[in-house]
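These are my notebook entries on one protein structure, written down in the order in which I looked things up.

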Amino acid sequence: MNESTAKSSSSSCPGTPSHSQSDSEDLEEPGDEDQSPSGKDDPSTLSIEPQKARPISTFIHTKPGLAVSAPPPPEVFISHTGKRLGSLSSLVSSEALPSNTTILQLGKNRLKGIPKEILGLSKLTHLNLFGNAIEKLPPHFNSFMPALKFLNLAGNKMTEWPQGLGACPLLSLDLSFNKIRLMRENIKYLTNLKALYLSHNKLISVPDQISNLVNLQILVLGHNRLRSLPKSISSLKSLQLFFVQQNKLSWLPPEFGEIPFDVPGCKLKLYKNPLPNRVFEALRCGGASGVARYVNSAEYLKVYQKR
């Protein structure tokens, strides 16, 4: 099917009202939002808006208007970032890792797995392990972490979706900058999750079970190998920020139009996908909600069925 070239006038918009530039700016291709301010792929500073990167203690990436936010200051904050640690045995012996630790920073070390010493920290709510060499989580990891809300495993060597999460009470999970190809079905247990970061992996599909993440507000899937999205994505009614740029998407499922994107500040990034031009016109003119309306329209359904 030949799509008409996107026009600059608002009359080219496919049945959507004109929105402000702030809602449509995602049609542009700004500096890669998945890179750190230094220009390097440093997961320690990954944020939706890296130029305003918050201290890692806040841990979860937020935007104005989103309900996702970090908890109040913790009772015990321990940081051993960038110390080239291969294990934590020395920290335990020197009492540098108290049992009542609630926030633990172990980024930029040499850890190849989850240290057994961490599994005894039952009060841990924030665990930051970015920039190590971790390949997988231990079995039943979730049973050792009953209070864990924020987990950062960005920039490690994971090739598979972590099996040890189970029904972990996570609010934010960062697995960006790994080599994960598939999201496993056990994602369905992460029903409390509000933010999921999986950019810069090797993802080829998104499972139907993502529909269980009904509280999800932020979903970052940019820079992968996705060719399609599941119909079940329509269940993510709370979604306010969806980044799926630089994949291989030729179409959005019509069910995508059931996501309201009706909260001010919603963001949708689609650039560098081989989508029909009319989708990008809808994004330029109506923002995220404009795209939702268009893919739910009779016009789109007609061409979608003929694809």
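The entries below go from the whole chain to single residues and their contacts.

**Entry: the model and the chain**

I note at the start that this is a predicted model, and I keep that in mind for every value that I write down. I looked up the secondary structure of the protein chain and found five helices and nine strands. Reading from the N terminus on, I wrote the order of the elements as α-β-α-β-β-α-β-β-β-β-β-β-α-α. I then turned to burial and noted that the chain has 307 residues, of which 54% are buried.

**Entry: salt bridges**

How many salt bridges does a search of the whole structure find? The search gives three salt bridges, and I took them one at a time.

I began with K237 and E258, which form a salt bridge whose closest N and O atoms are 3.7 Å apart. Because K237 lies in the loop between β7 and β8 while E258 lies in the loop between β8 and β9, this pair ties together parts that are 21 residues apart in sequence. For the accessibility of the two partners, I wrote down a relative accessible area of 43% for K237, which is partly exposed, and of 40% for E258, which is partly exposed as well.

Next I looked at R278 and E281, which form a salt bridge with their closest N and O atoms 2.9 Å apart. Both residues belong to helix α4, and because they are three residues apart there, they are separated by about one helical turn. Are these partners buried or exposed? R278 has a relative accessibility of 17% and so counts as buried, and E281 is buried with a value of 1%. The step from 17% to "buried" rests on the cut-off, since buried means under 20% relative accessible area.

The remaining salt bridge joins the side chains of R278 and E299, at 3.1 Å from N to O. This pair links distant parts of the chain, with R278 in helix α4 and E299 in helix α5, 21 residues apart. E299 has a relative accessibility of 36%, so I entered this residue as partly exposed. Since R278 had now turned up twice in my notes, I checked for a network, and R278, E281 and E299 are indeed linked in a network of salt bridges.

**Entry: another residue of helix α5**

I stayed with helix α5, which covers residues 298–305, and picked out Y300 in it. Y300 has a relative accessible area of 0% and is therefore buried. I also looked up how Y300 is placed with respect to P253, and while the two are 47 residues apart along the chain, their C-alpha atoms are separated by 9.9 Å.

**Entry: positive charges at the surface**

Which residues form a positive surface patch? I listed K112, K157, K179, R181, K202, R225, R227 and K248. From this list I followed up R225, whose place is in the loop between β7 (218–220) and β8 (241–243). R225 has a relative accessibility of 40% and so counts as partly exposed.

**Entry: backbone angles**

In the loop between β7 and β8 I also came to H223. Its phi is near 65°, which is a positive value in a residue other than glycine. With a relative accessibility of 14%, H223 counts as buried.

I made a similar note for K272, which has a positive phi of about 60° although it is not a glycine. K272 has its place in the loop between β9 (267–269) and α4 (277–295). Unlike the entry for H223, the one for K272 reads partly exposed, because its relative accessibility is 46%.

**Entry: cysteines**

Last, I asked how many disulfides there are, and the count comes to zero. I still looked up two cysteines, and I found that C168 counts as buried because its relative accessibility is 2%, while C266 counts as buried at 8%.

Definitions and conventions
Residues are numbered from 1 along each chain as its sequence is written. This is a predicted model: local features need pLDDT of at least 70, side-chain atom pairs count only at pLDDT 80 or more; totals for chains, interfaces and linings use all residues. Side-chain values use heavy atoms; hydrogens and water are left out. Patches are made of residues with over 30% relative accessible area and no salt bridge: like charges are joined within 9 Å, nonpolar side chains (Val, Leu, Ile, Met, Phe, Trp, Tyr) within 5 Å. Accessible areas come from the Shrake-Rupley method with a 1.4 Å probe; for residues, only the protein chains shown count as cover. A salt bridge is a side-chain nitrogen of Lys or Arg within 4 Å of a carboxyl oxygen of Asp or Glu. Lys and Arg count as positive and Asp and Glu as negative; His and the chain ends are not counted. The place of a charge is taken as NZ of Lys, CZ of Arg, CG of Asp or CD of Glu. Helices (H or I, at least four residues) and strands (E, at least two) are DSSP runs, numbered from the N terminus. Buried means under 20% relative accessible area, exposed over 50%, partly exposed in between (1.4 Å probe, protein chains only). A disulfide is a pair of cysteine sulfur atoms within 2.5 Å.
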